[in-house]
Structures are given as structure tokens and as C-alpha cells.
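Here are my notes on the model you sent over, point by point. Have it open while you read, and start with the overall picture before the odd backbone spots.

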Amino acid sequence: MGKYNGADYQKNIEKQHSESVLTEEREYWWNEDYLELLSKRLNFDQCQKVADIGCGIGTMSFALSKFFPENTVIKGMDFEKGHIKKARQKSKKKSREHGNEFHFVEGDAMDIPFETDEMDLTFCQTLLIHVDQPTHVLEEMKRVTKNDGWIVAIEPNNLVHSLMFDNYAQTHFDIDDMMKIIEVRLRCEKGKRKLGLGFNSLGDALPDLFTQVGLEDIQVWISDKALSCIPPYDTREKRVRVAQLIDWLETGGGGGFNYDRDLWYFKAGGGKKADFDIYWNYVMMYKEKLLKQLIEQKYISAGGSLMYIVAGRVSK
Ligand SMILES: C[S@@+](CC[C@H](N)C(=O)[O-])C[C@H]1O[C@@H](n2cnc3c(N)ncnc32)[C@H](O)[C@@H]1O
């Protein structure tokens, strides 16, 4: 078995990925007033027990907690021991701030360690894009949720970024170059999926998956937050975002560039190394340019994204 074929390598890739994305930058993913609106649409005021599946270091549990009634019990679970440890460390302070009770436990989303019919609402954020069998996870989320409770999945379409422009100069694009880049990205996506590592753009398919597991009253919304980056970088949010981008570019983590990992996905998606290497040369040139712009505080981006919030009611 080659270096990039083993189950251990897959797990390691997932671990590295989640460690590099679970940073302060996530705390700026949502507009506060939008979360408040969601809390009204999803009857947070009627919840006493809530579950966060694939909770990472608890960022979304903490962000939503202020919209639940005081004393709501929020249980987060994740299969990474290190994430659970960090979530527990943060939870005391958060509990004092919002008066909620937090419990973070290790577990597999394929076999959620909560009781049947325990929760009033169960949610996940960017979990289903990482699992091989999202319907099984949704079935589990349904099992632990009471009749009439909401299941909420927050998942993106990440391929849309391939058709976005950072600035006006980029709008003079070359169609052939663009088609080659998009082909590589599509093959990487397909390959990742084939390797059993999930599908990065699963957000579009959530209503279909919700229907398949028998959820009812399905609602679909899109986050109104743009992760824009406009000089001068004079707010903490912008500085955190820029620092994160620089880190990804330099280390290859998160959305950054990692030759071995991306080639592995590309080949699994039916691509040839020679084609990948042409793409990679282009990527390296772009990376240097981007790093320079970020460091000189000249990088500008509207920061568009497509993050779905899909909710469905449990009917048992
Ligand atoms: C991109 S992170 C998102 C974390 C968190 N939901 C957030 O939005 O900040 C994906 C998380 O899912 C976890 N994960 C992936 N597959 C899992 C599974 N089968 N069971 C439990 N956790 C899983 C990872 O460990 C990681 O913490």
C-alpha cells in the first residue's frame, strides 16, 4: 500500500485539515443578527437540550448558545480527542457568559453517543462534507432528536470559489486557462469523494438528503455573511482573516496548497501527474503573488461564499 493510500493517511489528512481550520477565523463566519434571525425561525426559545455533531472545538455551540434560553444543555461531540479537550477548556467561561450548560464528549457521528429522543434540536456545521455516508449521520441525528424537533445542517458548496474573482483585473480571464483550473478542481473533488473523504460541495444536495431520511417541513437558507477582505486591515476580523490566509498559504493547511494531498485527490479523480504539474506551476505563481499582496496589505476580495443552512423537522 503506497504512502497516500492507507486509512491512517486519510485519518491524518482529516486531522491536519480540522486542526488548520478550527481557528479564531471561524468566530467571524456569521453575522450576529443573522444568527438571531435563525434562532427565531428555528424556535430556539423552546429548546432545553441541543446537540452539536462534529463540534470541533465548540465554536458553533458557543456562537449559538446566547440565543437559547438560560440553562439549556448543549452537548457537543467529535471524534478528535484534542478538539474535545479544547472545547471543554473554553466551556467554563462560555457557560458563565450565557448561563448554558456545556458537555463535550468524544464519539463517532456514525454512532452518536446520545440517547434516542434526547434532543430538542440537533445541528452540525461543516461535518457532512467530510463524511463518506452523510445519510447515515443524518439518520443518527434524527434518532437522537425528539419528534417535531429540528435537524439543522450547515454545509457549503466550496466549488463556487473556482468561479469567483478577487478584483477587476481578474475579470479579463482567459477561458482556456480557466477551464484547465476548473478541471483540476473538479477532479480533486471527485477523487476526494472516491477516497471516502466526503464531498466538499455537499451543501447543494442537503434538501435531497433530508428528504431521503424522511425529514419534513424542509427549509433552505443561505448565510448572508461575506468573508470580505478590504484594505486597510484595520479590524480584528480582517487581521485574523489575513493571518489565517497567510498561514494556509505558507503551510498548505485548510484551503491552502498541499502538493501531495492535492495530487493524491487529482489522481483518484482520474487525472494525470503531468497535467497536475502544469496546474501546480500556475498555482505556485499565484501563491507568491497572493502572499505579497497580503503582506503588503493590498489584497482585496469580496469574500463571497455559499453556505447553506438546511433545516428539517423530525417526524417519528
Ligand atoms: C471542519 S470541522 C468543523 C467543526 C465544527 N463543526 C465547526 O464548525 O467549527 C469538521 C469536524 O468534524 C469532525 N468529524 C469528522 N468526521 C467525524 C465523525 N465521523 N464523527 C465525529 N466527528 C467527526 C472532525 O474531527 C472535525 O472536528
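1. Burial first. Keep in mind that this is a predicted model. Of the 316 residues in the protein chain, 34% count as buried. As for how the chain connects to itself, take the contacts with a separation of 6 or more: residues 24 or more positions apart account for 80% of them.

2. Overall build. The protein chain has ten helices and seven strands. Its radius of gyration is 20 Å, close to the 20 Å from the globule rule for 316 residues, so the chain is as compact as a globular protein of that length. If you want box dimensions, the C-alpha trace spans about 55 × 50 × 35 Å along its principal axes.

3. Domains. The domain assignment splits the protein chain into domain 1 (31–157 + 200–225 + 303–316) and domain 2 (159–197 + 229–300). Their C-alpha centres lie 29 Å apart. Where the two meet, eight residues of domain 1 are in contact with eight residues of domain 2. What is the side of domain 1 that touches domain 2 made of? Its residues divide into one nonpolar, six polar and one charged.

4. The main core. As a general point, nonpolar side chains in soluble globular proteins tend to be buried together. Here the largest nonpolar core has 49 residues, and the ones with the most contacts inside it are Ile53, Leu121, Leu128, Ile151, Val152 and Ala153. Which strand gives the most to this core? That would be strand E5 (residues 145–156), with five residues. Apart from this core lies another one of eight residues, among them Cys188, Trp264, Tyr265 and Phe276.

5. Ile151 up close. This residue is worth clicking on. Leaving out residues up to four places away in sequence, Ile151 touches Thr122, Leu138, Met141, Lys142 and Thr145, and also Leu215, Ala311, Gly312 and Val314.

6. Around the ligand. There are 21 residues around the ligand, and those that come nearest are Gly54, Gly56, Phe79, Ala109 and Gln125. Which elements give two or more residues to this shell? They are helix H1 (7–21) and helix H3 (59–65). By residue type, the shell divides into nine nonpolar, eight polar and four charged.

7. Positive phi values. Two aspartates are on my list. Asp148 has a positive phi of about 80 degrees although it is not a glycine, and it lies in strand E5. Asp148 counts as partly exposed because it has 14 C-beta neighbours inside 10 Å. Asp217 also has a positive phi, near 55 degrees, and is likewise a residue other than glycine; Asp217 is found in strand E6. Is Asp217 buried or exposed? Asp217 has 12 other C-beta atoms within 10 Å, so it is exposed.

8. The cis peptide. Where does a cis peptide bond turn up? It joins Pro231 and Pro232, with omega about 0 degrees. Pro232 lies in the loop between strand E6 (216–222) and helix H8 (236–251). Check that your setup reads this bond as cis.

Conventions: Residues are numbered from 1 along each chain as its sequence is written. This is a predicted model: local features need pLDDT of at least 70, side-chain atom pairs count only at pLDDT 80 or more; totals for chains, interfaces and linings use all residues. A nonpolar core is a set of buried Ala, Val, Leu, Ile, Met, Phe, Trp, Tyr and Cys residues joined through C-beta atoms within 7 Å. A residue is buried if 20 or more other C-beta atoms lie within 10 Å of its own, exposed if 12 or fewer, and partly exposed in between; C-beta atoms are placed from the backbone. Helices (H or I, at least four residues) and strands (E, at least two) are DSSP runs, numbered from the N terminus. Two residues are in contact if their C-beta atoms, placed from the backbone, lie within 7 Å. A residue is near a molecule or strand if its C-beta atom, placed from the backbone, lies within 6 Å of it. Ala, Val, Leu, Ile, Met, Phe, Trp, Tyr, Cys and Pro count as nonpolar, Asp, Glu, Lys and Arg as charged, and the others, Gly among them, as polar. The radius of gyration is taken over C-alpha atoms; the globule rule is 2.2 Å times the number of residues to the power 0.38. Domain bounds come from an automatic or database domain assignment.
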